[in-house]
Amino acid sequence: MSEPIISVSGLRGIVGQSFTPLVVARYVAAFAHLAPPGTLVVGRDGRHGGEIFASLVCQTLAACGRKVQWADVLATPTMGVLVRDLKAAGGVQVTASHNPPAYNGLKLFSPQGRVISSNVGQQVLGAYRLGTASWAAWDQLGTVEAVVDPHDGHLRRLLSLAPVEAIRKQRFRVLLDSNAGSGSVLGRALLEALGCEVIMLGGQPDGHFLHPPEPTAENLASVVQRAANERIDVGFCQDPDADRLAILDERGRYLGEEYTLALCVDWVLRQQPGPVVANGATSRMVADLAQRYGVPFHRCKVGEANVVEVMEQVGAVFGGEGSGGPIDPRVGLVRDSFVGMAHVLAAMAVRGRKPSQLAAELPRYAMVKRTCPIAAGRLSDALRALKARFSNAEADEQDGLRLDWPDRWLIVRGSNTEPLVRLI
């Protein structure tokens, strides 16, 4: 059996190969052993086969003596909100995010409703490697109960920060591509609550993806073509667990994931100036916006847990990752496509701007993203060779290798979730 890909906050693997029932039970039992006392929440994205593994997660936790709140299909950011609302000891989301259909995975949440920190993740990994578990006796087994309305708290938080009446008056025509993922459930509910006319693509969260799951320009070609013929005001494209968002403008043109965070930051800083955090692979648009509004900008390592950790340290009003993952601490401490939708619609309604006009106001950069496979153990040698080759650049090695010149930059780092090296 091959080894799953293990990141700070969980693991992913190919179903039947590196992601098997034995791996799931062992990893979840390790998490149950280390999680604080109390209830644990379990949910899943809409990925095919997810219900099987989510059921296994629930029963494994019950076998460890844990009380389980079963939320069924919900977005990953909704899991974060739900953990906090239920005052739970943590949560387990069965998801492989934007990975191809053959993958599934587990993402672990802390009692604060954020993905677990690197320190806790290392402890869970150690317990998993050792096969550590605290199995309960027959009279101390846990129970599994269904959550009645797992989306309500998240929806209420989103509506509380949006100028609801201003958006409703516009009756925006919105294309929502949830790509048969979990974002379809809350996505439709949010847009309808904001008075939008919704053109829904992939509205059944059954994992039968309409196109490759990562919301990149190449993968969204069919959606762009549809949007161009629909006379939309804006298009929103989610990844399968709805923590990432790409945006189409009023002509159906792909603005992309990098613009999601920048558009949100621009809107939020107009209302609430304060520190902003983004990772080292995010476009300079966000840093430039922070400078424009006279607020501190903090750069951190790639990874949602790293962004949130720095956000909490500096008291950030907003943060996120340029891969389409905005984080608004007023809603939750998880990348959240719904936050992106709410803020973009707010900017459109209040400022009377179309998406293309909002994007045109931002600092503009050319940005190229590429990936390539790399053999295990070769990355360190490759980074050393790059650093030597480009010795005229300022080097930052806190996360892979970032090279900065006065007019450009490059980051090269191994993926947290796939056997790839990413070059941006």
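# Reading the calls in this predicted model

A search of the whole predicted structure turns up zero disulfides.

Q: How do you know that C64 is in no disulfide?
A: Look at the sulfurs: the nearest cysteine sulfur to that of C64 belongs to C58 and is 12 Å away. A disulfide needs the two sulfur atoms within 2.5 Å, so the pair doesn't qualify.

Q: Why is C64 called buried, and C372 partly exposed?
A: C64 has a relative accessible area of 12%, and buried means under 20%, so C64 makes the cut. C372 comes in at 32%; partly exposed runs between 20% and 50%, so that's where C372 lands.

Q: Which core does C64 belong to?
A: C64 sits in a core of 31 residues, alongside V57, A89 and I116 among others. That core lies apart from the largest nonpolar core, which has 55 residues.

Q: What makes F236 stand out in the largest core?
A: F236 is one of the residues with the most contacts inside that core, together with L191 and L345. Leaving aside neighbours within four places in sequence, F236 is in contact with V174, L175, L176, D177, L191, L245, A246, I247, M341, V344 and L345.

Q: What makes β9 and β12 edge strands?
A: The open sheet has five strands in the order β9-β8-β10-β11-β12, with mixed pairing. β9 (197–201) and β12 (254–256) each have a single partner strand, so one side of each is left without a neighbour in the sheet. From one strand to the next, the twist averages 25 degrees.

Q: How do you know that β10 and β11 pair, and in which sense?
A: Pairing takes at least two bridges, and β10 (residues 234–238) and β11 (residues 245–248) have four, so they count as paired. The sense is antiparallel, and C237 stands opposite A246 in β11.

Q: Which helix packs on this sheet, and which strands does the helix touch?
A: That's α8 (residues 221–228), which touches β8 (173–177), β9, β10, β11 and β12. The direction of α8 makes about 165 degrees with that of β8.

Q: What makes β13 and β14 a pair, and in which sense do they run?
A: β13 (residues 276–279) and β14 (residues 297–300) share four bridges in the parallel sense; at least two are needed, so they pair. V277 has H298 in β14 as its bridge partner. Between the two strands the chain passes through helix α10 (residues 284–292), and this β-α-β crossover is right-handed.

Q: What makes the phi values of K87 and S97 worth a look?
A: Most residues other than glycine have a negative phi. K87 isn't a glycine, yet has a positive phi of about 50 degrees. S97 also has a positive phi, near 50 degrees, and is a residue other than glycine.

Q: Where are K87 and S97, and is each buried or exposed?
A: K87 is in the loop between α3 (76–85) and β5 (90–94). Its relative accessible area is 74%, and exposed means over 50%, so K87 is exposed. S97 is in the loop between β5 and β6 (103–109). At 1% relative accessible area, S97 falls under the 20% limit and is therefore buried.

Q: Why is P36 called partly exposed?
A: The relative accessible area of P36 is 37%, between the 20% and 50% limits, so the label is partly exposed. P36 is in the loop between α1 (21–34) and β3 (40–44), and touches R66, A89 and P111, not counting residues up to four places away in sequence.

Terms used:
Residues are numbered from 1 along each chain as its sequence is written. This is a predicted model: local features need pLDDT of at least 70, side-chain atom pairs count only at pLDDT 80 or more; totals for chains, interfaces and linings use all residues. Side-chain values use heavy atoms; hydrogens and water are left out. Axes are lines fitted to C-alpha atoms, for helices over the stretch in contact, and angles run from 0 to 180 degrees between N-to-C directions. Contact means heavy atoms within 4.5 Å. A crossover is right-handed if, with the strands pointing away from the viewer, the path from the first strand over the helix to the second runs clockwise. Buried means under 20% relative accessible area, exposed over 50%, partly exposed in between (1.4 Å probe, protein chains only). A nonpolar core is a set of buried Ala, Val, Leu, Ile, Met, Phe, Trp, Tyr and Cys residues joined through side-chain atoms within 4.5 Å.
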